[in-house]
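Here are my comments on the model, set out as numbered points. Please read them with the sequence and the coordinates open.

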2 protein chains.
Amino acid sequence: MSDAYYLHLTDRLREQLKDPDAFEDGRLPSERVLAERFDTTRVTLRQALGQLEGEGRIHRSNRRGWFVSPPRLDYDPTRDSGFNDYVTAQGRRPRTEVLLTDVQAYPPAAQALGLAAQTPLYHIRRRRFVDERAVLSESMWVVPERAPGLLEEGQFGVSLWAELRGRYGLTLAHRELRFYSESLGEQAARELGVAMGSPGLTVRRATFDEQHRPIGYDEERWLHNALCITVTLKNKP
Amino acid sequence: MSDAYYLHLTDRLREQLKDPDAFEDGRLPSERVLAERFDTTRVTLRQALGQLEGEGRIHRSNRRGWFVSPPRLDYDPTRDSGFNDYVTAQGRRPRTEVLLTDVQAYPPAAQALGLAAQTPLYHIRRRRFVDERAVLSESMWVVPERAPGLLEEGQFGVSLWAELRGRYGLTLAHRELRFYSESLGEQAARELGVAMGSPGLTVRRATFDEQHRPIGYDEERWLHNALCITVTLKNKP
DNA sequence: TAGTGGTCTAGACCACTCT
DNA sequence: GAGTGGTCTAGACCACTAC
């Protein structure tokens, strides 16, 4: 089965991808051009592109084209250092857009925090970019009692955690993280400018203070090949 | 774009999947049958199946068919409790096969452990099952000085970490973990009985003792929808 | 041997982006 | 308006699994 033609195409494309300068603006030729060049149909060519997408080497922007993927971002979700900090530290350019702030009940957040399902929570939805590529769609819910007035004044473009620490004196003492691989749903796909069903990685995080009182909960939807999650642990848990 | 026909198919199939008893042995009807039932072609039907696969609801076994996926396994890679233990604790049935043991140099392992690239290491390759579904293909490299004679006597079907702790008195004090989403390569796909390019999740882990001497390194390739990685942290790192 | 999914052809139309 | 990827048709043959 290793002699499928689309696998030959992935081999040849992989070879070409080793020289990133071969593609202007990191953009691949159109599917029709590639299909003709390799003397095959778009269906087969797309199978090869899908394979390389799964490997994390290329990605697509909805109806715009295929692009060479940059190296994955290293991301340590156990730290509350800001997105801007670690993106910059890796020589990349961060940007954040606030899409929405409101007050809403969100049962999954409430459950993770041990609250009643209909508890109203501050809600902030953001979209984050690395080198002007949208890689992360994030929703954060904060317990209002822990950060009264947060929505009125917060600079959400910067680190929300820094805000919680600095302005409200909160200590993030206890964290429960879950991550899993799941394709992107309609909303996240739209916000990230990719086709629905594109591969994604989800991070959910519940945070508590020293007295184990709930602080907040967030859900992050990443483009699957944009990141590598890194965790370093001393001692046994 | 939300009115694509394959999305209607996913909706209808999702509905049917809510009643698992509707499928004998958790097996879906064949692609040809489903395509006819929904009055479409196999190409479109497969697009719908691929979508549900990405969502983690169904999975395929190479050339055997499509199956309803069981709930994800919760997995905490920061603990060295054995696979058998946490699978059993979740009411599932674990099984392990040893595929290979040998001595080899593996530069990525050596690099992660801070050793010379060509350092010979004990190597153990295993395949692990949950409820008789192969979900994990794993390679482990151990520094020979830390566990002399490991390959001669080890019971690799049980916990390798328990072996290292019990027989060699090793303390796993420091761990460096990396995980990322990446489609399965040829070897892992074959071992897991899925098509090459199927979505996967990779976990890499380097382990050190209290003196920060390297103990071992392992690479795990999971079926992407078989697990949810869970990490709980007290205090700030 | 029958049935399955895996691969592939040669087209077509549509929704969207770019300029 | 030109070009792109997204979706879809109606077939075909092949490699492999299960019996």
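1. Is Glu219(A) buried or exposed? In this predicted model, Glu219(A) has a relative accessible area of 6%, and since the limit for a buried residue is under 20%, Glu219(A) counts as buried. The side chain of Glu219(A) meets that of Arg204(A) in a salt bridge, with 3.0 Å from N to O. Because Glu219(A) belongs to strand β9 (residues 214-223) of chain A and Arg204(A) to strand β8 (residues 200-208) of chain A, the pair ties together parts that are 15 residues apart in sequence.

2. A second pair that links two strands is found in chain B, where the side chains of Arg126(B) and Glu138(B) meet in a salt bridge of 3.1 Å, again taken from N to O. Arg126(B) lies in strand β5 of chain B and Glu138(B) in strand β6 of chain B, so this pair ties together parts that are 12 residues apart in sequence. As for accessibility, both Arg126(B) and Glu138(B) are buried.

3. The salt bridge between Glu163(B) and Arg167(B), whose closest N and O atoms are 3.1 Å apart, is placed within a single element: both residues lie in helix α7 (residues 160-168) of chain B, 4 residues apart, which is about one turn of the helix. Glu163(B) counts as buried at 16% relative accessibility, whereas Arg167(B), with a relative accessible area of 36%, is partly exposed.

4. Salt bridges that share partners also join Arg93(A), Arg95(A), Glu97(A), Arg127(A) and Glu132(A) into one network. For the wider setting, a search of the whole structure finds 46 salt bridges over all chains, and the pairs discussed above, including Glu219(A) with Arg204(A) and Arg126(B) with Glu138(B), should be read against that total.

5. How are the two copies related? Chain B is superposed on chain A by a rotation of 180 degrees with 0.0 Å of shift along its axis, the RMSD being 0.0 Å. The copies are thus related as by a two-fold rotation axis. Of the residues of chain B, the one that comes closest to this axis is Ser181(B), whose C-alpha is at 3.3 Å. The same surface serves both copies, in that 100% of the contact residues of chain B recur in chain A.

6. The second largest pocket holds about 570 Å³ of space, and its lining is made up of 29 residues, of which Glu55(A), Arg57(A), Glu182(B), Ser183(B) and Arg221(B) lie nearest the centre of the pocket. The elements that give two or more residues to this lining are β5 (120-130), β6 (133-142), α8 (186-192) and β9 (214-223) of chain B. β6(B) gives the most, with 4 residues. By residue type, the lining divides into 10 nonpolar, 10 polar and 9 charged residues.

7. A last remark concerns a loop of chain A. His212(A) is placed in the loop between β8 and β9 of chain A, and with a relative accessible area of 43% this residue is partly exposed. His212(A) and Pro144(A) are 68 residues apart along the chain, and their C-alpha atoms are separated by 16 Å. The strands on either side of this loop are those of the pair in the opening point, with Glu219(A) in β9 and Arg204(A) in β8 of chain A.

Technical notes:
Residues numbered from 1 in each chain as written. Chains lettered and ligands numbered in written order. Predicted model: local features only at pLDDT ≥ 70, side-chain atom pairs only at ≥ 80, totals over all residues. Heavy atoms only, no water. 1 Å grid on protein atoms, 1.4 Å probe; cavity = no way out; pocket = protein on both sides within 12 Å on 5 of 7 lines; lining within 4 Å. Points joined across faces, edges and corners; volume = space filled by probe spheres on them. Nonpolar A, V, L, I, M, F, W, Y, C, P; charged D, E, K, R; others polar. Salt bridge = Lys/Arg side-chain N within 4 Å of Asp/Glu carboxyl O. Buried < 20%, exposed > 50% of the residue type's maximum accessible area, 1.4 Å probe, protein only. Least-squares fit on C-alpha atoms with pLDDT ≥ 70 in both. Contact = heavy atoms within 4.5 Å.
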